[in-house]
Structure formats: C-alpha cells, structure tokens
Amino acid sequence: MNHEEHGIARHPARRFTRHAVEMVAAMVAGMVLLEPVWSFAWPGLRESTTPQTLVMATNMSIGMAVWMRVRGHGAASVAEMAAAMYLPFLLLLPFSLAGAVTAMQLMTAGHVLMLAAMLAVMLRRRHEYGW
C-alpha cells in the first residue's frame, strides 16, 4: 500500500509530522548506537557535562543527518538542522559552567529548545518537509 492509499500524500500536516517523528527516531538511534563508541574512546566522558552534552548533540546530529540524506535533503538543509540541534546547548552551556543551571536542567532545557529550533527550521523549509 503506498502513501496515496493511506491519505498521507493528500495531508501536508501528516507528512510534516511524520517527517518530524522520523527525524526524532533517527536522533535517538544516533544516540543509542554511537554512545558506546564514545564511552569506549573517552572513558571519563560521563563525568564532564560540557563534553558529554556536545557529544550527545553530535550523536543526534549524525543520526538525523543520515536520515535526512536518505530522505533526499541537501547538505545545506542538513547543516541548518544540525546547527538547530547544537544552538540551544551552546546557548545554555555558559549558564551551566557558571553554576546557574544543573547538568539535568541543561539537558532538559537543551532538548526542549532543540525540538523548538528543529521545528522552526522545518517550518522555514516547509516545502522540503512535505507541507
């Protein structure tokens, strides 16, 4: 059964939402698959918030980038989405380094803001995401 038969192709919001969910799944896959590599290569990584945060964003970006390329997105779109994933953490890291937010607050706020930034990129390029 193709997408036309399911009605997905006729509903831009469904295509857009499906693409967003696929990208989040790809990001989770990147974290799950690449975390053991980093743990092996950098044994003390979990004890330091800043590198741990940036490595996690990298793992998610790699998973997302691979999936975006599979879906036919160009390098500029992939780079813009990766930037949207890093930016919230980069903005919050100075607060973490100053002790104004805990590591857990950094991770929570960073992920929430990352999803908002990704949505903003998707809306900006809505024609690429099926809307």
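The exercises below work through burial, contacts and packing in a predicted model.

**Exercise 1. Classify Gly30 and Val32 of helix H2 as buried, partly exposed or exposed.**

Step 1. Locate the residues. Gly30 belongs to helix H2, which covers residues 12-41, and Val32 is in helix H2 too.

Step 2. Apply the cut-offs: buried is under 20% relative accessible area, and exposed is over 50%. Gly30 has 6% relative accessibility, so Gly30 is buried. Val32 has 55%, so Val32 is exposed.

Step 3. Look at the surroundings of Gly30. Beyond the neighbours within four places in sequence, Gly30 contacts Glu35, Asn59 and Gly63. Trp67 is 37 residues away from Gly30 along the chain, and their C-alpha atoms are 10.0 Å apart.

Step 4. Look at the surroundings of Val32. Together with Val24, Val28, Leu33 and Leu115, Val32 makes up a nonpolar surface patch. The accessible area of this patch is about 440 Å². Helix H2 supplies the largest share of the patch, with four residues.

**Exercise 2. Determine whether Ser77 is buried or exposed, and list its contacts outside the neighbours within four places in sequence.**

Step 1. Ser77 sits in helix H4, residues 75-97.

Step 2. The relative accessible area of Ser77 is 4%. The limit for burial is 20%, and Ser77 is therefore buried.

Step 3. With the neighbours within four places in sequence set aside, the contacts of Ser77 are Met68, Arg125 and Glu128.

**Exercise 3. Describe the largest nonpolar core and the place of Met64 in it.**

Step 1. In soluble globular proteins, nonpolar side chains tend to be buried together.

Step 2. Here the largest nonpolar core counts 22 residues, and Met23, Met64 and Met81 have the most contacts inside it. Two or more residues of this core come from each of H2, helix H3 (49-70), H4 and helix H5 (103-124).

Step 3. Take Met64. Apart from the neighbours within four places in sequence, Met64 touches Met23, Ala26, Met27, Val78, Met81, Ala82 and Met85. Met23 and Met81, both on this list, are also named among the core residues with the most contacts.

**Exercise 4. Find the aromatic pair and state its geometry.**

Step 1. The structure contains one aromatic pair, formed by Trp38 and Trp42.

Step 2. The ring centres are 6.3 Å apart and the planes make an angle of 50°. Planes under 30 degrees apart would be stacked and those over 60 edge-to-face, so the pair is tilted.

Step 3. Check accessibility. Trp38 has a relative accessible area of 29% and so counts as partly exposed. Trp42, at 36%, is partly exposed as well.

Key: Residues numbered from 1 in each chain as written. Predicted model: local features only at pLDDT ≥ 70, side-chain atom pairs only at ≥ 80, totals over all residues. Heavy atoms only, no water. Buried < 20%, exposed > 50% of the residue type's maximum accessible area, 1.4 Å probe, protein only. Contact = heavy atoms within 4.5 Å. Patch = residues over 30% accessible without salt bridge, like charges linked within 9 Å, V, L, I, M, F, W, Y side chains within 5 Å. Areas by Shrake-Rupley, 256 points an atom, 1.4 Å probe, with all protein chains shown as cover. Salt bridge = Lys/Arg side-chain N within 4 Å of Asp/Glu carboxyl O. Core = buried A, V, L, I, M, F, W, Y, C linked by side-chain atoms within 4.5 Å. Phe/Tyr/Trp six-rings, centres within 6.5 Å; stacked < 30°, edge-to-face > 60°.
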